[in-house]
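I opened my notebook to look through a structure step by step. Here is what I looked up, in the order I looked.

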Amino acid sequence: MVKLTQRLGGLVLRFAAFCAALGAVIAMITSRERSSFFVLSLVAKYSDLAAFKYFVIANAIVSVYSFLVLFLPKESLLWKFVVVLDLMVTMLLTSSLSAAVAVAQVGKRGNANAGWLPICGQVPRFCDQITGALIAGLVALVLYVFLLIFSIHHVVDPFLLRK
Amino acid sequence: MAGGKIVVAGGTTKSWKVLLGLRIFAFMATLAAAIVMSLNKETKTLVVATIGTLPIKATITAKFQHTPAFVFFVIANVMVSFHNLLMIALQIFIPKLEQKGLHLLSIAILDMLNATLVSAAANAAVFVAEVGKNGNKHAKWNKVCDRFATYCDHGAGAIIAAFAGVILMLLVSAVSISRLLFNSNKFSSTAPSATATDVP
């Protein structure tokens, strides 16, 4: 009975991580805003910045991966492989999230020393949607850290902890 | 029980040596990245105007503290190198403690968390540095590297060292997880294992 709830909990976590990663991808892809600033018109898309492109690609990979692992049977030998893959996917998630947050922070506050002006004042809806995508990415990351510990628990015998 | 006979004398097995070597390299790589980035500073004097025949100079400095991503980079690399130092000391001076299962599990989890931390720091720094090197036409952000070439070069060196640290920390995590799995297989099997123990 305990094993069933554990397995169910793992499935729920992974499905939630899949939804979060997919939400991050969709939120960032659909963020596109055109603003006219006197005679200039500025179109802000996510593909202008390399960090956002990396964020979209990484979260797309993560959502596909978690969708596939959802269907892995319980007694399969691939679970040991899933532990290492979970670690690599978590590293991918943290790296993409921190890169996107670093660049978005420059876009929001600017960098006075380098002469970079913030762009969020001109395209507020774009900035809000990017913020939402980053929050979804953060949720996916937290869920994946739990899933990492969970996958180890799935592979390592519980007797190990009681020696 | 056959699982109770664990070799406790010294720590000269293969996985122990491999793990120690990897940790030493990871410690050196992350420490080098932290030190090089924290000493990254360049000052330039430019002439901004000329009043008559008297040039007016302005001094601009490029420091790593100007960019929050680089500050995070330095702090994260210091934390990961400190973690590696602690693990090296633990491995050399107290090899016998690693027989208990919870010890191995906590080492594996800590290694994984630090691997993700250094990966996050290196990636944040590299993307902000890419904006500084190439600029961004859409956001009208000018490039910085054409004026501060030494600053950019030192930063690039620190980021390369951090990426070497990322790969090494990934290998360290993999070896820690495999030690944990091997130890758990040894304890969970009821038949006495004929092969020599490998963990310590």
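**Entry 1: chain B as a whole**

How many helices and strands does the secondary structure of chain B come to? I looked it up in what is a predicted model, and I found four helices and two strands. Reading from the N terminus, I wrote down the order α-β-β-α-α-α.

Next I turned to burial. Chain B has 200 residues, and 48% of them are buried. I also looked at the contacts in chain B with a separation of 6 or more: 76% of these are between residues 24 or more positions apart. The exposed area of chain B is about 10100 Å², with 71% supplied by carbon and sulfur atoms.

**Entry 2: what the record says about chain B**

I checked UniProt, where an unreviewed entry lists "transmembrane region" for residues 20-39, 70-90, 102-128 and 156-182 of chain B. I then compared two of these spans with the model. Residues 20-39 of chain B are 95% helix and 0% strand, and their end C-alpha atoms are 29 Å apart. For residues 156-182 of chain B I noted 100% helix, 0% strand and 39 Å between the end C-alpha atoms.

**Entry 3: one phenylalanine in chain B**

Where is Phe82(B) found? It sits in helix H2 of chain B, which covers residues 68-93. Is Phe82(B) buried or exposed? Its relative accessibility is 52%, so Phe82(B) counts as exposed, the cut-off being over 50%. I also looked up its distance to Leu31(B): the two are 51 residues apart in sequence, yet 8.5 Å apart in space from C-alpha to C-alpha.

**Entry 4: over to chain A**

The UniProt annotation "transmembrane region", again from an unreviewed entry, covers residues 12-31, 51-72, 84-107 and 133-156 of chain A. In the model, residues 84-107 of chain A are 100% helix and 0% strand, with 35 Å between the end C-alpha atoms. Residues 133-156 of chain A come to 96% helix and 0% strand, and there the end C-alpha atoms are 34 Å apart.

I then picked out helix H2 of chain A, residues 50-69. Its 20 residues reach 29 Å from first C-alpha to last, close to the 28 Å expected at 1.5 Å a residue. The buried residues of H2(A) include Phe52(A), Phe55(A), Asn59(A), Tyr65(A) and Val69(A).

**Entry 5: aromatic rings**

How many aromatic pairs does a search of the whole structure find? Over all chains I got five. In one of them, the rings of Phe67(A) and Phe71(A) have centres 5.3 Å apart and planes at 85°, so I logged the pair as edge-to-face. Phe67(A) is partly exposed at 37% relative accessible area, while Phe71(A) is exposed at 57%. Both belong to a cluster linked by ring pairs, along with Phe15(A) and Phe18(A).

**Entry 6: where the chains meet**

How many residues does the contact take from each chain? I found 38 residues from chain B and 37 residues from chain A. Together the two chains bury about 3400 Å² between them, with 78% of that on carbon and sulfur atoms. Which residues of chain B lose the most area to chain A? My last note names Phe127(B), His138(B) and Trp141(B), together 19% of what that side buries.

How values were computed
Residues are numbered from 1 along each chain as its sequence is written. Chains are lettered from A and ligands numbered from 1 in the order in which they are written. This is a predicted model: local features need pLDDT of at least 70, side-chain atom pairs count only at pLDDT 80 or more; totals for chains, interfaces and linings use all residues. Side-chain values use heavy atoms; hydrogens and water are left out. Buried means under 20% relative accessible area, exposed over 50%, partly exposed in between (1.4 Å probe, protein chains only). Contact means heavy atoms within 4.5 Å. Accessible areas come from the Shrake-Rupley method with a 1.4 Å probe; for residues, only the protein chains shown count as cover. UniProt positions are given in the numbering used here, feature names are shortened, and annotations may be inferred rather than shown by experiment. Rings of Phe, Tyr and Trp (its six-membered ring) pair if their centres lie within 6.5 Å; planes under 30 degrees apart count as stacked, over 60 as edge-to-face and the rest as tilted. The expected span of a helix is 1.5 Å times one less than its number of residues. Buried area is the accessible area (1.4 Å probe) that two parts lose on being put together, summed over both.
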